[in-house]
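This report describes selected local features of one protein model, beginning with its backbone and ending with its ligand. The reader is invited to follow each feature in the structure shown below.

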Amino acid sequence: MSAPLTLAQLEDLESRHVLRNYARLPVAVESGADVWLHTVDGRRILDLLCGLGVTSLGHAHPAVTMAIQEQAGKLLHTSNLVHLQGPTRLSERLSTSSLGGGVLFQNSGAEANEAAIKLARRNKRGGEIVSLFKGFHGRTYGALSATPQEAKQEPFAPLVAGFRAVPPTVEAVQDAVGDGTAAVLLETIQGESGVLPIDHDVLRAAREACDAHGALLIVDEVQSGMGRTGTMWSYEASGVVPDAITVAKALANGLPIGALVTAPHLYDVLQPGDHGSTFAGNPLSCAAALAVFDVIEDDRFLARVVEAGDRFRSGLEAHPDVQHVRGSGLMLAAELTPEAVARHGSAGELALRLVTDHDVWVNGPTPSALRLLPPLTITDEQIDDGVARIAAGLAAR
Ligand SMILES: *Cc1c(COP(=O)(O)O)cnc(C)c1O
């Protein structure tokens with residue numbers, strides 16, 4: 001293999017051949033192992049973001065690597081026109097671990113939500129999709145239409161008709177849901193907007209309103225699912241059981257995959273030919289996801305996620321620049337004091353310096369909060385190292 005391109009060479013090529021769509025950190029990554037990313041210039045970065053909640057078992061997890069290697073030599077693709085081993089076994093795991101109904105694979109979180117929206121509209125023969133302020137469901141047109149954030153929606157108008165957004169309060173949800181509602185689509189903890197937990201009262205109100213009006217309650221578990229919050233699925237903590245969930249990010253620890261998982265009463269809504277996707281449920285991603293399930297779906301593993309989250313939380317909360325830490329399990333945000341924000345400019349600027357100067361990767365989803373989505377396999381020693389690096393970054397100004 002040829003030598004890796006340097007950061008400067010990559011930046012030069014990108015300036016000429018890559019659309020400007022992504023603002024990249026000045027970091028050129030070549031490989032990863034466990035919680036570490038290795039850069040082309042020989043640095044080791046502690047990855048506490050997991051590619052936005054994707055590599056939850058860390059980089060190059062041996063069981064996932066082996067499953068991918070084995071499957072790669074066997075079969076990559078056939079289309080959905082034949083019966084396959086991996087996708088069917090994975091459907092069973094997804095279903096029995098959650099709502100007990102049917103699975104429809106997609107290739108991403110946004111696509112899983114598109115499938116959920118189509119399911120809801122088909123189920124109600126039309127109808128409105130209700131989502132919550134500050135929710136995030138993806139960038140494709142249906143998912144974007146359910147993502148009521150001005151900066152993301154406004155440049156791409158007109159959006160899809162039949163979407164409504166309300167504040168995350170009991171009254172607003174009760175007022176918005178009626179006989180013309182096809183579904184309420186929400187996150188239990190709003191990840192992209194800064195790890196904002198939705199009150200369990202609001203989830204219960206959404207459940208009751210959907211039951212009263214024949215609408216579906218769809219929980220977007222794209223970021224919060226697969227053990228991230230300390231239970232297999234984040235809805236479990238509330239006692240509210242949705243009609244469907246959408247899953248993606250961590251499902252295959254880095255290979256693209258998404259899934260819609262329903263309750264049994266929705267088995268017959270979609271008929272052959274209603275929806276489809278060439279790559280959906282491809283054997284390679286499904287083999288990786290089965291290996292991920294084997295690790296995560298285990299009470300001791302999930303108990304450790306809770307314990308690790310508590311250690312991170314208390315470590316960060318002990319810092320005078322941290323006002324509070326919110327979230328569950330290892331889906332966390334540290335809200336900085338106004339004084340610390342003023343010193344650092346913004347959480348985003350601090351996050352940039354944490355990666356360039358302190359070799360630790362987190363992000364700043366709001367001007368005043370650092371978000372952490374560390375590997376679920378992180379050790380106490382690595383947690384303490386992460387807290388120390390963040391503290392060093394906070395102390396540098
Ligand atoms: C990331 C995310 C999505 C979009 O997933 P993509 O795979 O980027 O399309 C949807 N919903 C939530 C809650 C997410 O965090």
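## Two unusual points in the backbone

Ala60 is found in the loop that connects helix 2 (50-53) and helix 3 (62-72). The model is a predicted one. In this model Ala60 has a phi near 55 degrees, which is a positive value in a residue other than glycine. Most residues other than glycine have a negative phi, and most peptide bonds are trans.

A second point concerns a peptide bond. The bond from Ala157 to Pro158 is cis, and its omega is near 0 degrees. Pro158 belongs to the loop between helix 7 (150-153) and strand 6 (163-166).

## The sheet of strands 1, 2, 3 and 15

In which order do the four strands of the open sheet with mixed pairing lie? The order is 1-2-3-15. At the edges are strand 1 (29-33) and strand 15 (360-361), each of which pairs on one side only. Strands of a sheet pair through backbone hydrogen bonds, either parallel or antiparallel.

Strand 1 and strand 2 run antiparallel and are joined by four bridges. Within this pairing, Gly32 stands opposite Leu37 of strand 2. The hairpin of these two strands has two residues between the strands, and Asp34 there takes a positive phi near 55 degrees. Strand 2 (residues 36-39) is in turn joined to strand 3 (residues 44-47) by three bridges, again in an antiparallel arrangement. Leu37 has Ile45 as its bridge partner in strand 3, and Trp36 stands opposite Leu46 of that strand. Leu37 thus appears in both pairings, with Gly32 and with Ile45. The hairpin of strand 2 and strand 3 has four residues between the strands, and in this hairpin Gly42 takes a positive phi near 85 degrees.

Helix 14 (residues 380-395) packs on this sheet and touches strand 2, strand 3 and strand 15. The direction of helix 14 makes about 105 degrees with that of strand 3.

## The sheet of strands 13, 14, 17 and 16

Another open sheet is formed by four strands in the order 13-14-17-16, with antiparallel pairing. Its edge strands are strand 13 (322-328) and strand 16 (363-366), and each of them pairs on one side only. From one strand to the next, the twist averages 30 degrees.

Helix 11 (residues 299-317) packs on the sheet, where it touches strand 13, strand 14 and strand 17. The direction of helix 11 makes about 165 degrees with that of strand 13. Inside the sheet, strand 14 (residues 331-336) and strand 17 (residues 369-372) run antiparallel and are joined by four bridges. Leu332 has Leu372 as its bridge partner in strand 17.

## The surroundings of the ligand

Which residues surround the ligand? They are Ser108, Gly109, Ala110, Asn113, Phe136, His137, Gly138, Glu187, Asp220, Val222, Gln223 and Lys249. This shell divides into three nonpolar, six polar and three charged residues. Helix 5 (residues 109-124) gives the most to the shell, with three residues.

Oxygen atoms of the ligand take part in close pairs with the protein at 2.8 Å, through both backbone and side-chain atoms. A polar backbone atom of Gly109 lies 2.8 Å from an oxygen atom of the ligand. For Ala110, a backbone N or O atom is 2.8 Å from a ligand oxygen atom. In the case of Gln223, the side chain supplies the N or O atom, which is 2.8 Å from an oxygen atom of the ligand. Taken alone, the ligand exposes 390 Å², and the protein buries 81% of that area.

Terms used:
Residues numbered from 1 in each chain as written. Predicted model: local features only at pLDDT ≥ 70, side-chain atom pairs only at ≥ 80, totals over all residues. Heavy atoms only, no water. Near = heavy atom within 4 Å. Polar contact = N/O pair within 3.5 Å; in protein donor to acceptor, adjacent residues only side chain to side chain. Areas by Shrake-Rupley, 256 points an atom, 1.4 Å probe, with all protein chains shown as cover. Nonpolar A, V, L, I, M, F, W, Y, C, P; charged D, E, K, R; others polar. Pairing = 2+ DSSP bridges. Axes fitted to C-alpha atoms, helices over the stretch in contact; angles between N-to-C directions. Contact = heavy atoms within 4.5 Å.
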